[in-house]
Amino acid sequence: MLYSIIVSAGLERIARDELTQRFDDTGHLKILDRRPQRLLFRYTGNPNDLLSLRTAEHLFLVLKHIGKMTRSRGSLAALSGPLARFNFKEAFECCRQVGLNVRRRMPFRVTSRLSGKRNFRRLDLQQVVERVFLDRGWYLANSKAALDVWAEVHGDDGYISIKLSKNDMAQRPYKQAHIPASLKPTIAYSMVRLSRPHPKDVFLDAMCGAGTILLERALIDRYDYLIGGDISTEALDATVTNFGRKHQPRQFFHWDARTLPIQSNTVDKIVCNLPFGETIGNVPQLTNLYRQSLKEYERVLKPRGRIVLLTSQRGLLDSELKQRGFLRATQQLTVDVRGMRAWIYVIRFA
Ligand SMILES: C[S@@+](CC[C@H](N)C(=O)[O-])C[C@H]1O[C@@H](n2cnc3c(N)ncnc32)[C@H](O)[C@@H]1O
């Protein structure tokens with residue numbers, strides 16, 4: 001079967017790595033294409049396996065994909081027409097496997113997405129696809145739909161798919177307590193992957209907020225020790241709530257990341273979502289925070305250690321990194337954080 005996952009902008013390569021690492025040696029996976037915010041692949045295993053992908057926001061079963069969409073209305077017919085004769089046997093089996101209630105007379109709805117200049121509107125795309133399924137005897141049922149059909153046209157690509165995931169695919173059950181600038185778990189997971197987790201890791205998030213990064217680290221693989229801290233007691237309380245009794249050994253501190261009560265050369269990995277955007281105070285305060293905390297990171301990190309940081313203050317981080325003799329950025333990824341452009345930096349102890 002042909003599937004696609006939607007991921008946050010900038011995480012496509014990490015999502016591809018996750019898919020490959022998890023499913024390549026099953027012999028069931030063949031990745032076909034990587035597009036902005038999307039991966040397209042064939043998978044012959046149980047689709048429930050795919051629902052546990054930690055980078056994905058949505059999982060779709062693709063009924064029809066064409067890579068030659070043009071501006072013209074004619075390409076709409078090319079996309080939707082083949083569905084009139086489509087054999088749904090395997091597709092319905094796949095839907096059943098993830099718990100969708102498929103029937104002969106199917107209640108459905110169509111969600112449409114369109115980008116780029118076209119001689120048709122989003123509504124035209126939606127109606128053409130609705131018509132195909134109405135002609136098969138299905139009926140439109142918005143809130144009580146058993147199948148959520150997505151019709152999408154982006155660039156040269158057109159997709160008609162069934163959404164297999166629920167809206168909470170990218171949410172995590174551990175996230176009971178929240179703080180305002182809390183990080184999306186999919187981004188936290190991706191940052192943790194970039195730190196190259198190792199079972200012997202002493203892992204630090206010195207501005208841990210609600211603990212999202214620490215929890216994604218705890219869940220990805222074994223570790224030696226987790227250390228988290230924050231200047232806000234409210235944030236620390238959220239971390240403690242979200243951890244509950246699980247994931248030992250770990251320790252949380254109410255601290256200022258500019259003076260860490262940690263011995264030098266003792267931490268293997270530091271992953272941190274630095275304050276930025278609306279959460280920042282004034283520029284001198286932020287400059288001081290970046291300068292002093294980087295100095296501390298450099299001090300506590302073991303040689304050959306790794307730091308992964310997220311910020312939208314690229315200029316500031318670049319200029320502060322230049323001041324640090326032993327830290328060298330080896331990779332930068334542009335990502336979208338709540339509609340704001342931000343960068344994930346991978347930094348090595350040089
Ligand atoms: C962007 S948030 C981190 C969000 C976190 N990754 C999450 O998902 O919940 C930044 C955090 O840095 C903390 N912070 C700001 N200044 C700090 C400092 N000097 N020392 C320690 N923590 C600080 C804030 O209290 C806030 O919780």
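## Exercises on a mixed sheet and a helix pair

In this predicted model, eight strands make up an open sheet of mixed pairing, arranged in the order β2-β3-β1-β4-β8-β7-β5-β6.

**Exercise 1.** Determine which strands are the edge strands of the sheet, and describe how β2 pairs with β3.

*Solution.* The edge strands are β2 and β6 (139-140), each of which pairs on one side only. At the β2 edge, residues 29-35 (β2) and residues 38-43 (β3) pair in the antiparallel sense over six bridges, and Ile-31 has Phe-41 in β3 as its bridge partner. The two strands form a hairpin with two residues between them, and Gln-37 in the turn has a positive phi of about 65°. At the β6 edge, β5 (residues 107-114) pairs with β6 in the parallel sense over two bridges, with Pro-107 opposite Tyr-139.

**Exercise 2.** State which strands helix α1 touches where it packs on the sheet, and do likewise for helix α3.

*Solution.* Helix α1 (residues 12-23) touches β1 (2-6), β2 and β3, and its direction makes about 180° with that of β2. Helix α3 (residues 89-97) touches β1, β4 (58-66), β7 (147-154) and β8 (157-163), its direction making about 175° with that of β4.

**Exercise 3.** Classify the packing of α8 and α9 from their angle.

*Solution.* Helix α8 (residues 283-300) and helix α9 (residues 314-322) pack at an angle of about 40°, with their axes 10 Å apart. Angles under 35 degrees count as roughly parallel and those of 65 to 115 as roughly perpendicular; α8 and α9 are therefore oblique to each other. Their crossing is right-handed. Among the residues that meet are Leu-286 and Tyr-290 in α8 and Leu-317 and Leu-321 in α9, and the residues of this contact divide into six nonpolar, one polar and two charged.

Technical notes
Residues numbered from 1 in each chain as written. Predicted model: local features only at pLDDT ≥ 70, side-chain atom pairs only at ≥ 80, totals over all residues. Heavy atoms only, no water. Pairing = 2+ DSSP bridges. Helix = DSSP H or I, 4+ residues; strand = E, 2+ residues; numbered from the N terminus. Contact = heavy atoms within 4.5 Å. Axes fitted to C-alpha atoms, helices over the stretch in contact; angles between N-to-C directions. Parallel < 35°, antiparallel > 145°, perpendicular 65-115°, else oblique. Left-handed = near helix turned anticlockwise from the far one by under 90°. Nonpolar A, V, L, I, M, F, W, Y, C, P; charged D, E, K, R; others polar.
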